[in-house]
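Colleague: Hi! I'm new to this one, could you walk me through it?
Modeller: Happy to, let's have a look together.

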Amino acid sequence: MFLMDGIRWQVLQRDNRGCVVCGIRPVENDTVVLHVDNISPGSSGGNDNIDNYQTLSDKCKIGKSNTNKTGL
Ligand SMILES: [Zn+2]
């Protein structure tokens, strides 16, 4: 998935540079890799909106499958 750097940065800022599911942050655990994940890949027209993205850790992204588990 291609993601513009500006959007990725904005999403990371909004999510406080941590996973929105488990809350882990790389600043606390440097083994964590964060991904900016597209919440609704099938939706059209909203892909440039940061509301359509969420920050996920490796672990949570793998476990996500097609279910939206934002924890919010
Ligand atoms: Zn996580």
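Colleague: Which residues coordinate the zinc ion?
Modeller: In this predicted model, the zinc ion is held by C19 (SG), C22 (SG), S57 (OG) and C60 (SG), at 2.2 to 2.3 Å. Donors here are N, O and S atoms within 2.8 Å of the metal (3.2 Å for Na, K and Ca), and water is not among the atoms, so sites may look incomplete.

Colleague: What arrangement do the four donor atoms make?
Modeller: Tetrahedral, because their angles at the zinc ion run from 99 to 116 degrees; four donors earn that word if all angles lie between 85 and 135 degrees.

Colleague: And how are the donor residues spaced in sequence?
Modeller: The pattern is C-x2-C-x34-S-x2-C. C19 sits in the loop between α1 and β1 and C60 in helix α2, so the pair ties together parts 41 residues apart in sequence. Helices (H or I, at least four residues) and strands (E, at least two) are DSSP runs, numbered from the N terminus.

Colleague: Is C19 buried or exposed?
Modeller: Buried, at 5% relative accessibility, and C60 is buried too, at 16%. The cut-offs are under 20% relative accessible area for buried, over 50% for exposed and partly exposed in between (1.4 Å probe, protein chains only).

Colleague: New topic: how confident is the chain on average?
Modeller: The mean pLDDT, the predictor's confidence in each residue from 0 to 100, is 80, and 74% of the residues score at least 70.

Colleague: Any ground rules?
Modeller: Residues are numbered from 1 along each chain as its sequence is written. Local features need pLDDT of at least 70, side-chain atom pairs count only at 80 or more, totals for chains, interfaces and linings use all residues, and side-chain values use heavy atoms, leaving out hydrogens and water.

Note on methods:
Tetrahedral: all angles 85-135°; square planar, octahedral: opposite > 155°, others 65-115°.
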